[in-house]
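Hi,

Here is the structure I said I would pass on. Have a look at it first, and then read my notes below.

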Protein chains: 2
Amino acid sequence: MRDKRIAFVTSNEHKFREVKVILEEYGIEVEHSQLAIVEIQAMRIEEIASAKAKSAYEILRRGVIVEDDALAIDALNGFPGPYSSYVFKTIGNEGILRLMHNIKDRSASFISVIAYCSSSSSDGEPLIFVGKVDGIIAESIRGNGWGYDPIFIPKGSSRTYAEMGDDEKNRVSHRRLALERFARWLKER
Amino acid sequence: MRDKRIAFVTSNEHKFREVKVILEEYGIEVEHSQLAIVEIQAMRIEEIASAKAKSAYEILRRGVIVEDDALAIDALNGFPGPYSSYVFKTIGNEGILRLMHNIKDRSASFISVIAYCSSSSSDGEPLIFVGKVDGIIAESIRGNGWGYDPIFIPKGSSRTYAEMGDDEKNRVSHRRLALERFARWLKER
C-alpha cells in the first residue's frame, strides 16, 4: 500500500474527526487540509447563469440569453435562494408555506438574472443584468400560476403574481426589470 | 442595434413566454432554444465531490480525499439531497421537522461519497466510494450532534445518530461504509 498518508480537504471539523478515527483503524493517516476549493454548490445564480450562457454560446455561436431566478426569504436565511428551482420541484409552495407557518416576518425578494453572450462579447464573458423585486410570502397558495408565483406578493400590491394575470405581472416583475435593463443596453450600443 | 434576434435557452415554457412578450416590446425577437446545457445546480454529489477532489489534487499534488454527504427524504421527493449542506445552514433541522409535520412515511437515506485523487490515478479522474444507510426521520430533535445527526435514526436502531455517541455512530454510519470501501481498496492495491 502506497499513499498511506492522505490529505482530507474539508472545512468541517466534525467530519474531519470522524474520518480520521475510522481510517486510522485501517492504518491510514489523515491530515486535515483546509484548502479553499470552489464550492460548486455555493455558486450564486449570477455565476450559474453566466456559465450556462457561455456553454450555450459555444454551441450555438449566436446571441443567446439564459435566465435564472431566485426567491430569498428573510426569515429562512435566504432559503431557497440559488436552489429555488430544485426546492420548488421537491417541496414546492406547500413546503414553503409549512416552513413559514406562524412566522410573522414574511419579507422576501425575488431576483432575476439575465446572462447574455454573443459574438461581440470581446472577452467571451457573458454580460449580466439583474432585476429585483421586494415583497412578502402569502399565507396561502393564491391564484393559478407557475413556480412561486402563487405565494409571492410584490410590494405595493395585495395580490400574488399568480393572481395578477400575465399582463400585470409582466409589468412589475423581477424578470421585467432584468429584461428591461438588458433590452435598453442592447438597443443603445 | 445588431443581434435583434436572440436565442433564449430554457426548458421552462412559462419563462420563455414571459421573456418573449417583454422583449418584443423592445423590438427584440426571441427564439426558444431547448439546448440541453449542463445544469450545474443539478449535479449529483458524486460529481461535486469528484470535481472538488480533482481541484484539490491539482493544488496539493498528493493523495487527497473529499467527502460529501446527502440526506434524501422519500416523502419530500429526495429533498434536501445534493443541497443538504445549504439547507442545513438555512432552515436547519427545525425546518426539516416542520416539513415532516404529520407526515407518516418518514423513511430517508443518508449517503456519503468519498472522492479520492492521487498521482496514481492514471487518467486524473478521482475514484468514488459510496456508503448508504437507510433510516427514518425522528419526530423531534434528539441528542447533541452536528448536522442532521439529531434527526436521523438508522434502520435497526431506536436512537438518532446524535444519541449514539461517536463510537457507535462511527461503527454504523453511511460515512463508515464509504470509508471502509475506500480503505479496503487502498490497502489491497
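Which residues in H2(B) are buried? They are B:Ile45, B:Ile48, B:Ala49, B:Ser50, B:Lys52, B:Ala53, B:Ala56 and B:Tyr57. Before I go on, keep in mind that this is a predicted model, and that goes for everything in this email.

I started with that helix, so a bit more on it. H2 of chain B runs over residues 45-60, which makes 16 residues. From its first C-alpha to its last it reaches 22 Å, close to the 22 Å expected at 1.5 Å a residue. Right after H2(B) comes B:Arg61, with a positive phi near 55°. The cover over the buried residues of H2(B) includes elements from both chains: strand E1 (5-9) of chain A, along with strands E3 (64-73), E4 (107-117) and E5 (127-137) of chain B.

That brings me to how the two chains meet. Chain B puts 59 residues into the contact, and chain A puts in 59 residues too. On the side of chain B that touches chain A, the elements giving two or more residues are strand E1 (5-9), helix H1 (13-24), H2, E3, helix H3 (84-90), helix H4 (92-99) and helix H7 (174-188). By residue type, that side of chain B splits into 34 nonpolar, 14 polar and 11 charged. There is strand pairing across the chains as well: E3 of chain A (residues 64-73) and E1(B) run parallel, joined over two bridges. In one of these pairings, A:Val64 has B:Ala7 in E1(B) as its bridge partner.

How are the copies arranged? Chain B superposes on chain A by a rotation of 180° with 0.0 Å of shift along the axis, at an RMSD of 0.0 Å. That is the relation of a two-fold axis. Of the interface residues of chain B, 100% are also interface residues in chain A, so the copies meet through the same surface.

Last, chain A taken by itself. You will find seven helices and six strands in chain A, in the order β-α-β-α-β-α-α-β-β-β-α-α-α along the sequence. Its radius of gyration is 22 Å, whereas a compact globule of 189 residues would be near 16 Å. The C-alpha atoms of chain A fill a box of roughly 65 × 50 × 20 Å along the principal axes. Buried residues account for 46% of the 189 residues in chain A. Among the contacts in chain A with a separation of 6 or more, 55% are between residues 24 or more positions apart.

Cheers

Key:
Residues are numbered from 1 along each chain as its sequence is written. Chains are lettered from A and ligands numbered from 1 in the order in which they are written. This is a predicted model: local features need pLDDT of at least 70, side-chain atom pairs count only at pLDDT 80 or more; totals for chains, interfaces and linings use all residues. Helices (H or I, at least four residues) and strands (E, at least two) are DSSP runs, numbered from the N terminus. The expected span of a helix is 1.5 Å times one less than its number of residues. A residue is buried if 20 or more other C-beta atoms lie within 10 Å of its own, exposed if 12 or fewer, and partly exposed in between; C-beta atoms are placed from the backbone. Two residues are in contact if their C-beta atoms, placed from the backbone, lie within 7 Å. Ala, Val, Leu, Ile, Met, Phe, Trp, Tyr, Cys and Pro count as nonpolar, Asp, Glu, Lys and Arg as charged, and the others, Gly among them, as polar. Two strands pair if DSSP finds at least two bridges between them. The radius of gyration is taken over C-alpha atoms; the globule rule is 2.2 Å times the number of residues to the power 0.38. Copies are superposed by least squares on the C-alpha atoms of residues with pLDDT of at least 70 in both.
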